[in-house]
Structure formats: C-alpha cells, structure tokens
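Visitor: Please take a close look at one part of this structure, the region where its helices pack against one another, and then follow the chain from there into the neighbouring loops.

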Amino acid sequence: MFFLWLYMFYSCAGSCAGLAARGSPAPPRLAPPLPPAPGEAGEENSLEEQRAAPDGAGPISSFFNGSGTKRLPQAIIIGVKKGGTRALLEFLRVHPDVRAVGAEPHFFDRNYERGLAWYRDLMPRTLEGQITMEKTPSYFVTKEAPARISSMSKGTKLIVVVRDPVTRAISDYTQTLSKKPDIPTFESLTFKNRTTGLIDTSWSAIQIGIYAKHLENWLLYFPIGQILFVSGERLISDPAGELGRVQDFLGLKRIITDKHFYFNKTKGFPCLKKAEGSSKPHCLGKTKGRTHPDIDQEVVQRLRDFYRPFNMKFYQMTGQDFGWD
C-alpha cells in the first residue's frame with residue numbers, strides 16, 4: 001500500500017501541473033512560518049543550520065524522519081562528574097515520556113557560541129507530553145553555565161547527582177590514570193605541601209567536590225526548589241527509590257520501578273533488565289565500575305577533614321543529609 005501511495009502521489013504531480021497550466025484556480029497561499037521556539041526570539045539561523053534542521057520538511061520527508069518536534073531541553077542533568085550521571089540518564093531513558101541525547105552536548109560550557117538553533121538540532125524529536133533532556137556533568141562547575149541556562153529558560157529543571165567527594169575524587173583520578181598511566185600518584189596531587197597538609201584545591205579532582213561553593217553560583221539564577229539533588233550512593237543501593245524521586249520532580253508517572261533493575265555483583269552496581277529500545281539486559285560499559293587504586297588512608301582522612309565543613313554547608317543548603325561523614 002505504501003508504494004502504491006507513492007506512485008499515486010508522483011503521478012498526480014504531473015497531472016496537477018497540467019491542470020494549473022490550463023487555468024485552474026491558483027492554490028491558496030501558505031500561512032507564514034511559525035515563530036521561533038520560546039527562548040529564541042530574534043535569533044537568526046545560519047544557512048548551515050537551516051539546511052541541517054529537518055523540522056520544516058514536507059510530508060514525505062516527515063514520514064521518513066519520524067513524527068515529533070525538536071525542542072530545547074526542559075530538564076538538564078548538570079553534574080557532577082563521576083557522580084553517577086550516566087547511570088541516571090540510562091535509567092531515565094527507559095521511561096516512555098523521556099527523550100534524551102545520548103552524547104554530552106557541552107553546549108553551555110564549550111559550544112555556546114554555536115547558538116540555540118544548533119543546540120536544539122542536537123535534541124531528539126518529542127511528542128506532546130514528552131520531556132527533552134540532556135546531561136553534561138561539567139556544567140555544575142562552569143561559572144557561566146547558570147546564567148546561560150537561565151537565559152534559555154528560567155523554568156529549566158536541573159538535576160545534580162552528588163557523591164561522597166572523597167570517593168568521587170579517587171574515581172576521577174582512576175579514570176585519568178586509565179588514560180595516562182604515567183601521571184603522578186593521587187597522594188602527590190592532593191597536596192600543595194604534604195608536610196603542612198595543605199590541600200591543592202586547584203586540582204580539578206578536589207575542586208569539583210566542593211559542592212557548596214558551586215551551588216552558590218547556581219542559586220543566583222535558580223531557586224533551590226528547581227534543582228533536584230540525587231544521591232550517587234542511593235542510586236546504587238536503591239535505584240528505584242531515587243528514580244521515583246526524579247520522576248516526581250519531572251512531573252512523570254512512576255513507571256520505572258524495582259522490576260526494571262537487577263544487581264550485578266561483578267560490577268558492583270545495578271543494571272537494567274531491559275534497556276531503551278532493547279529486550280536484553282544492559283549494564284553500563286567497561287569504563288564504569290573501575291577498581292580504585294589503594295590510597296594512603298592518612299591522605300583519605302585528611303581529605304575527609306578538608307571536605308567536612310563544605311559538606312555540612314551543602315547539607316544545610318539542600319536540606320538533605322547525604323551521610324558522607
């Protein structure tokens with residue numbers, strides 16, 4: 001039937017042209033194009049962006065490209081690195097009303113000059129009632145990101161996955177070590193001067209974990225109620241519970257429950273029984289769940305002492321005790 005329909009469509013094209021040539025009434029004028037999506041008023045798309053954007057295509061193109069509209073994200077996972085953001089995104093994509101970009105766009109930190117039209121074109125198509133999402137963990141520590149996201153939409157919902165900052169720092173180091181085996185030891189990078197015990201806060205692995213400092217910047221542009229803080233530890237021990245909170249925050253029906261997960265003892269974290277678009281079990285890749293190197297326990301304790309006051313302030317700001325001490 002589909003090929004018959006195509007044949008009739010193209011057959012009609014020639015005959016209709018002939019009728020027009022014999023003086024048939026002119027077709028009605030098309031309505032003017034719709035204005036830009038909210039948050040993009042006055043922005044002019046470049047020629048390259050116009051060619052790349054398929055939203056204004058004809059019926060046949062739309063049929064092959066799928067239905068729906070590309071929209072700017074209504075929710076963004078903004079951090080933190082090595083906190084569990086990939087796990088959260090993969091779990092959320094099981095929900096039929098969540099559509100998310102797989103790769104990290106890095107728009108609000110690295111690609112902002114490309115413009116909102118470029119950013120929107122990266123997004124998946126969504127139907128009415130579905131939520132568009134993306135995740136880029138470095139946003140949380142990027143000074144310009146809060147103002148830029150607020151400029152796009154003050155109503156954007158933000159999600160931060162946080163984890164014990166000491167464990168997070170070691171995980172961060174472990175990831176770097178897997179790519180650069182010749183880097184200095186964790187202990188030597190932690191201190192400006194190990195004799196005095198002065199912590200090197202310029203090292204990104206340490207700096208990221210000062211959550212209270214980064215949150216202060218976000219609260220200049222967004223109310224605390226518009227930011228959800230997900231526990232990276234509970235995302236492992238009780239994924240369904242944390243996903244329940246996330247679904248409530250996003251205004252979604254609680255569809256993702258215990259039945260979607262099983263615990264993989266080898267990897268040490270929960271996996272999906274069925275991933276998005278698949279009937280097979282799915283665990284995060286081999287880059288997740290790496291074995292951490294042995295770290296001098298004296299250094300670990302000094303880091304715990306360093307982070308304690310920042311953690312206490314973070315608990316007060318968020319109204320949540322994450323139990324890191």
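**Helix packing and the adjoining loops**

Guide: In this predicted model, helix α7 (residues 165-179) packs against helix α13 (residues 297-318) at an angle of about 125 degrees, and the two axes are 9 Å apart. Since angles over 115 degrees and not over 145 degrees count as oblique, α7 is therefore oblique to α13. On the α7 side, the contact is made by Pro 165, Val 166 and Thr 167, and on the α13 side by Val 300, Leu 303, Arg 304, Tyr 307 and Asn 311. Sorted by class, these residues comprise 5 nonpolar, 2 polar and 1 charged.

Helix α13 also meets helix α10 (residues 211-218): their axes come within 8 Å and cross at roughly 35 degrees. From α10, the participants are Tyr 211, Ala 212, Leu 215 and Glu 216, while α13 supplies Phe 310, Lys 313, Phe 314, Met 317 and Thr 318. This contact divides into 6 nonpolar, 1 polar and 2 charged residues.

From the α7 and α10 contacts, one may turn to Arg 163. Arg 163 is placed in the loop between β6 (157-162) and α7. Apart from residues up to four places away in sequence, Arg 163 touches Lys 82, Gly 83, Arg 168, Ser 171, Tyr 211, Glu 233, His 292 and Trp 324. Tyr 211, one of these neighbours, is also one of the α10 residues in the contact with α13. With Ser 171, the link is a polar contact between the two side chains, at 3.4 Å. The UniProt record, an unreviewed entry, carries a "binding site" annotation that covers Arg 163 and Ser 171, and also Lys 82, Gly 83, Gly 84, Thr 85, Arg 86, Lys 288, Gly 289, Arg 290, Thr 291 and His 292. Among the annotated positions, Lys 82, Gly 83, Ser 171 and His 292 are touched by Arg 163.

Lys 82 leads to the loop between β2 and α4, where this residue lies. Its backbone deserves attention: Lys 82 has a positive phi of about 60 degrees, although it is not a glycine. Lys 82 counts as buried, because its relative accessibility of 15% is under the 20% cut-off. Val 80 is found in that loop as well, between β2 (75-79) and α4 (85-92). The peptide bond that joins Gly 79 to Val 80 is cis, with omega at about -5 degrees. As background, most residues other than glycine have a negative phi, and most peptide bonds are trans.

A further positive phi occurs at His 106, which is not a glycine either; the value is about 50 degrees. His 106 lies in the loop between β3 (98-100) and α5 (116-122). Its relative accessibility is 10%, so His 106 counts as buried.

After the β2-α4 loop comes helix α4 itself, which packs with helix α12 (residues 239-249) at an angle of about 75 degrees, the axes being 11 Å apart. The two helices are therefore roughly perpendicular to each other. Leu 88, Phe 91 and Leu 92 of α4 make this contact with Pro 239, Leu 243 and Val 246 of α12. Its residues are 6 nonpolar, with no polar and no charged.

Ala 87 is also placed in helix α4. Ala 87 is buried, because its relative accessible area is 13%, which is under 20%. In sequence, Ala 87 and Ile 236 are 149 residues apart, yet their C-alpha atoms are 9.1 Å apart in space. Leaving aside residues up to four places away in sequence, Ala 87 touches Leu 235 and Leu 284.

Asn 264 offers one more position to examine. Asn 264 is found in strand β10 (residues 261-264). It is buried, with a relative accessible area of 17%. Its contacts, with residues up to four places away in sequence not counted, are Phe 269, Cys 271 and Cys 283.

These details may be set against the chain as a whole. The protein chain contains 13 helices and 11 strands. Of its 325 residues, 43% are buried. Among contacts with a separation of 6 or more, 72% involve residues 24 or more positions apart.

Technical notes: Residues are numbered from 1 along each chain as its sequence is written. This is a predicted model: local features need pLDDT of at least 70, side-chain atom pairs count only at pLDDT 80 or more; totals for chains, interfaces and linings use all residues. Side-chain values use heavy atoms; hydrogens and water are left out. Helices (H or I, at least four residues) and strands (E, at least two) are DSSP runs, numbered from the N terminus. Buried means under 20% relative accessible area, exposed over 50%, partly exposed in between (1.4 Å probe, protein chains only). Axes are lines fitted to C-alpha atoms, for helices over the stretch in contact, and angles run from 0 to 180 degrees between N-to-C directions. Angles under 35 degrees count as roughly parallel, over 145 as roughly antiparallel, 65 to 115 as roughly perpendicular and the rest as oblique. Contact means heavy atoms within 4.5 Å. Ala, Val, Leu, Ile, Met, Phe, Trp, Tyr, Cys and Pro count as nonpolar, Asp, Glu, Lys and Arg as charged, and the others, Gly among them, as polar. UniProt positions are given in the numbering used here, feature names are shortened, and annotations may be inferred rather than shown by experiment. A polar contact is a pair of N or O atoms within 3.5 Å; within protein, one must be able to donate a hydrogen and the other to accept it, and residues adjacent in sequence count only if both atoms are side-chain atoms.
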